[in-house]
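Biologist: Hello! I am new to this structure and would love a short tour. Could you take a few of my questions?

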Amino acid sequence: MTSQPRDAPQFYLTSPSACPYLPGKEERKVFTHIVGRRGRELNEILTQGGFRRSQTIAYRPACDACRACVSVRVLVDEFEPSGNLKRVLKDNADLIGNALPNRPSSEQYSLFRRYVDTRHADGGMADMTVLDYSMMVEDSHVDTKLIEYRRRGIDSGITGKGSGDLIAVCLTDEMSDGLSMVYSFYEPDLHDRSLGTFMILDHIRRARAMGLPYLYLGYWVEGSKKMGYKARFKPQERLLAQGWARVE
């Protein structure tokens, strides 16, 4: 009789459900657990293979007769913001992001609730309790940080930290070849700032400063308005059948 090591991944397939991106389509996912002493190594291998992390689960689409979900990563060193993206940076020049351990707070959850209730009231996260949020943040076997964004204060030039109300948050995994933006949310009333776009631009700068070549953005879905924004950050690579392919 043979046996698998306790930390060897086992993969499972979900039942079909309604696709959140393309009307009339169904989605299935293949997933595995990221636990044990090989958690970080496994997460990196799977991320490079097109998986995404949610708590201790790594998943990727495995839909019948559909390959619309395409993994995207930005080529950090070659990225140059367009005129529109430079305006987003300028509009948010008064914000500072501070990297913190992945520990939840009531202030984060209050912002998360305002964001979800305003932007995604009919989504899968609409019913998340404070305990659910805490698990989303803390339940990780990899190197995970929370980037909190606040306005510049009087002492920011000395401390390098913002002050005042929490404006935006991103849950970010740090890997050997890049940063992966797991989930982000922000103050919904500040829609003119394009805070989601700003956080991507800030993460590109962070990855570059850390000497990391990639920023992983998750899935781009052609024809989906929810995911169309990811095509703005070029040059990028998309994971196709033959491997990662450059897109200008």
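**Cores, loops and backbone**

Biologist: Which residues does Leu217 touch, not counting residues up to four places away in sequence?

Modeller: Please keep in mind that this is a predicted model. Leu217 is one of the residues with the most contacts inside the largest nonpolar core, which has 44 residues. Leaving out residues up to four places away in sequence, Leu217 touches Arg52, Val72, Val74, Met181, Ile200, Lys230 and Phe233.

Biologist: Which helix gives the most to this core?

Modeller: In soluble globular proteins, nonpolar side chains tend to be buried together. In the core of 44 residues, one helix contributes 7 residues and spans 195-209; that is H6.

Biologist: How many residues are in the other core that lies apart from it?

Modeller: This other core includes Val30, Phe51, Ala58 and Val142. Its number of residues is 7.

Biologist: Is Ser194 buried, partly exposed or exposed?

Modeller: Ser194 sits in the loop between strand S11 (178-186) and H6, and has a positive phi of about 55° without being a glycine. Buried would need under 20% relative accessible area and exposed over 50%. Ser194 has 32% relative accessibility, so it counts as partly exposed.

Biologist: What is the omega of the cis peptide bond that joins Lys234 and Pro235?

Modeller: Most peptide bonds are trans. Pro235 is placed in the loop between strand S12 (214-221) and strand S13 (236-240). The bond joining Lys234 and Pro235 is cis, with an omega of about 5°.

Definitions and conventions: Residues numbered from 1 in each chain as written. Predicted model: local features only at pLDDT ≥ 70, side-chain atom pairs only at ≥ 80, totals over all residues. Heavy atoms only, no water. Core = buried A, V, L, I, M, F, W, Y, C linked by side-chain atoms within 4.5 Å. Buried < 20%, exposed > 50% of the residue type's maximum accessible area, 1.4 Å probe, protein only. Helix = DSSP H or I, 4+ residues; strand = E, 2+ residues; numbered from the N terminus. Contact = heavy atoms within 4.5 Å.
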